[in-house]
Every structure is written in structure tokens, then in C-alpha cells.
Amino acid sequence: MGSVLGTALERLQALRGMADLLPPQTMVWQQVEARARQHFQRAGVGEIRTPLLEATALFARGIGEATDVVGKEMYSFQDRGLRSCTMRPEGTASVVRAAIQHGLLSQGPQRLWYMGPMFRYERPQAGRQRQFHQIGLELLGVADERSDVDAIAMAWDLLADLGVRGLQLQINTLGTPEDRRCYREQLVGWLEQRAHELDPDSRHRLTTNPLRILDSKSKATQQLLLGVPQLLGTLGKGSRERFDRVCQLLRALDIPFVLQPRLVRGLDYYTHTAFEITCDQLGAQATVCGGGRYDGLAAMLGGPPTAGMGWAMGVERLVLLLGQQGNPSPPQVVVLNRGDTAQVGAIVLTRQLRQANLHVELDLSGAAFARQFKRADRTGGRLAVIIGEQEAQAGVVKLKWLHQTPQQQGSGLAMGEEWTVPVTEVAGTVGRLLNG
RNA sequence: GCGGGCGUCGCCAAGUGGUUAAGGCAGCGGCUUGUGGCGCCGCUAUUCGGGGGUUCGAAUCCCCUCGCUCGCCCCA
């Protein structure tokens, strides 16, 4: 160690918290992504792609300096122009920034979704990586509580459609900034009288972020909090009614939920609805999807005051819940070949068959035919195309069914039997055989 | 940043102080100099994450270090 280059003996590997996704797994990801696209498309949500790298100031202002995410978890560095840059730790700030920058907010309501990697410098654990992926939705420019429920329903339905079981929707309201200022005063007053009973973490938050104390994991603190004044109790009439309507709409949609008064967001631009979708099968990181309303964010980033509602899902956590391995589809055709001339013919033919839209694997081993057949069988492929030197010289190939399943009835080619076919007719013959 | 667990071949894994470090899968070669799912034979870790120490002797004990993993904090 010591040198930035490291020593020659050091084993090169991915950085801590940066995971490689390998082939069987990536299929599950593709399924998740495809399903998400489908859900967004049918809901009239357009995809937005923003840079992974942003000015540090965006997150400092958009997420808040007081948060852990900004305070100690960002991947920040200076670029060659001495600008402070940050790998995005979340998506919302970038989306709102882009919407402001391109004048989208003066063009009526925007329905946007995104998908991609986010970066937070944390100790990795189950369901948590330093580079992780989110699928997110942002609805901008609609303040109506129906948009809250529209957004939540999209998350709920996507998860259900993916086959995730054991989900719980937890919901709370933060009211308006005025509601919260008022509550905050009340809360701090109540807690200060009991400061000596608080755990050290919570006592610290009393000045930095008192609302978060409600979410403390300390048993003693939770015990103490049993009698704490509730935000719901201090909400103004408008906020109260708004929240009631959100709940009514959820009931109308048959989406079950539980009120979670401890679910809080500490920053001023968060308003009204906050929610999380959790799953008991995830270990310590139970939240698959989290989101809420952020009517104050656009203005905070220098744009026109604009209502906002959104959520993000953790794709790693989602895939964890799906628990599938992904089954690669077997090839339709495997091309076995041996000998100099045959190898050339085989690669030419393979390309032709692929251009005819067939799934074709070419054996590149040069091994004995016996071994090539064994390997071909193991791929689960259906039809073998065999080219040896004799066939290559004669301008033909041989066709033979692989493995036992006799779907070849009526094809005129029985199991174990070989057909000799001129090279020029292979594509047509193979197509006919495979389609019955 | 702080705690717990773990680290033997590409993967799974036996071995817990004593001559050459089991086995399985995968890979490669052969039985079959051009025809299959099975079988059989052979090959594939001078070395147990790395470094130091104890000992006549260490993968096995001790220390340090790196990495993985789970949890705290926080979040998706």
C-alpha cells in the first residue's frame, strides 16, 4: 500500500460497496426494468435521464446540509476546473433541477420517471451498497391530493405486479411548513423537560433535527415517547382534511396502509404526505420504496414555486425480494464444427442464422465432436448443425435434434437421425424444423 | 465512524498442531484419430487472503493488516 498505484501483488477488485452484476442475475434486473417501463408508459409518465455527476451545491441545497446523506455520505471531489462535483446520492434533486433548467415547470404538470445508479459512502450491508440503483417517479406541478395517491398506487401496483409479497404501506403527513414549525416548538419543549432521559444520539438531535428523534431506535427513548404530543394533533384544519382525503382515496383504491406517526422527514420543503413501503423479509433495510410530497423544493432550487410528489425504489432490495435466479433461454441452434474449412463455414452460417433471427450458439472449442455434442446438450439447445471437413468440402451440413424431448414429430426428422442439407438451404430448413 | 461473524482451487467444501492439503461441480485431455445426455481414466492449490510471531513442526495457536459479511447510524 502507500502508492496510489498499489503493489503488483495486490489483487485488483471492485471497490467496496460496488457490486458486479453477473449474467443470471442481470436477467432479473432486466425483468424489473421492463416491468417498470411498462407501468410508467401506460400511466403517461415520461423517462428523464440526468447526469450522474452534479454540482455539489445542488445536493447541499436540495437535500439539506443537516442530513447524513449530505453531511457524511457523498462522493464529492474537485474536477480539473476546481468545481466541486458530487456523484448523485439520489434522483429527485437532479430531476427538479433539470425541470427548472429546461423550463418544464412553465409548461404544465410534468410526469417523469428515472432509473439508474446512485452513490452514497456508507458501510455496505444487506440491501445496501455504495453504488445502488433506484427507480423513481416525480410528479411536478400538481398539488391535488389525488396525485399523492396516483403516485403511491403506481408504486404499489408495480411491486404487486412484480410478485413481491408481504408489503406494508406506512403513511404519515408532515403538514405545511407552518404546521411543522409549530409542532417542532411544542416537541422540543416537551423533550427538553425530559432531556436527561434521552439517549445521547437523540439529545444531540434536539438541536439539529428534533423530528428525527421520533424515529429513534433506542428502546428507552421509544418508551419515553409514548406520551409525546403528536404532529397530527397540531395540524391546521386544511392539512388535516387533506390527509383525510388521501386516506379516503387509498381506501377507495383498496390499498391497505397503516398510519405511522413516527415517519418523518426533517427538511422544510417536505410537506404533507410521506410514505414508505416496507417488507419484513429484507433484514435491517426494510424499506423498498420511500417518498412523499415536496412542495417547497423547486423554489428552494431557484425555480418557480411548484408542487411535487415522488418516490424512489431500491432496485437491489427489490431484486432481493424477488429472490429469483433468472433462467437464460436455451439456444435454438448449436453449430458444431471441426476442421479448418468447416470452421470458416460454421461462422458464416452462424451469422446467417442469427440474421434470420434465430438464437444460435457456435462452438468455438475445436474439440472432438463427442465433446461438442456433450456441451451442446448441456446448453439445452434444440437443433444441432454439424459441419466437419467432409461436409465443408461437399457444401452441405448435417442437422440433428439435440436431447430427447420429441417435439420433432412430423418434422420428418426422427430423434437420432441425421439430415444432410445443402448450405444454401440451411436457414429455411432450420426455420421450418423449429417452427414445427 | 463503531460493533459481531467469516476468509482453504473459478464455485461449493473437508481438514482445528505432525509425513505428499479430502471430495463434489465446472474446465481440459483420453477411452471413441468425426457424433451426444451416462460411465470410466488422467490433469488442474509446493499451498490454506497478506505479513509477522510461537513451535522440532501450523491451514490449524497468537498479533497485526486487508477483504467479505451482518448489525448500529442513516436511508431506497
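**View 1. Polar contacts between the protein and RNA strand B.** In this predicted model, a polar backbone atom of alanine 284 lies 3.1 Å from a phosphate oxygen of RNA strand B, and such a polar contact is a pair of N or O atoms within 3.5 Å. Arginine 338 instead uses a polar side-chain atom, placed 3.3 Å from a phosphate oxygen of the strand, while an N or O atom in the side chain of lysine 400 is 3.1 Å from a base nitrogen.

**View 2. The protein surface near RNA strand B.** Around the strand are 48 residues, of which Arg120, Arg128, Arg205, Asp377 and His403 come nearest; a residue is near if one of its heavy atoms lies within 4 Å of the strand. Sugar and phosphate account for 51% of the atoms of RNA strand B that come within 4 Å of the protein. The residues of this surface divide into 23 charged (Asp, Glu, Lys and Arg), 14 polar and 11 nonpolar. The largest share, 7 residues, comes from α14, which spans residues 369-379.

**Notes on the model.** Residues are numbered from 1 along each chain as its sequence is written, and chains are lettered from A and ligands numbered from 1 in the order in which they are written. In this predicted model local features need pLDDT of at least 70 and side-chain atom pairs count only at pLDDT 80 or more, whereas totals for chains, interfaces and linings use all residues, and side-chain values use heavy atoms, with hydrogens and water left out.

Key
Polar contact = N/O pair within 3.5 Å; in protein donor to acceptor, adjacent residues only side chain to side chain. Helix = DSSP H or I, 4+ residues; strand = E, 2+ residues; numbered from the N terminus.
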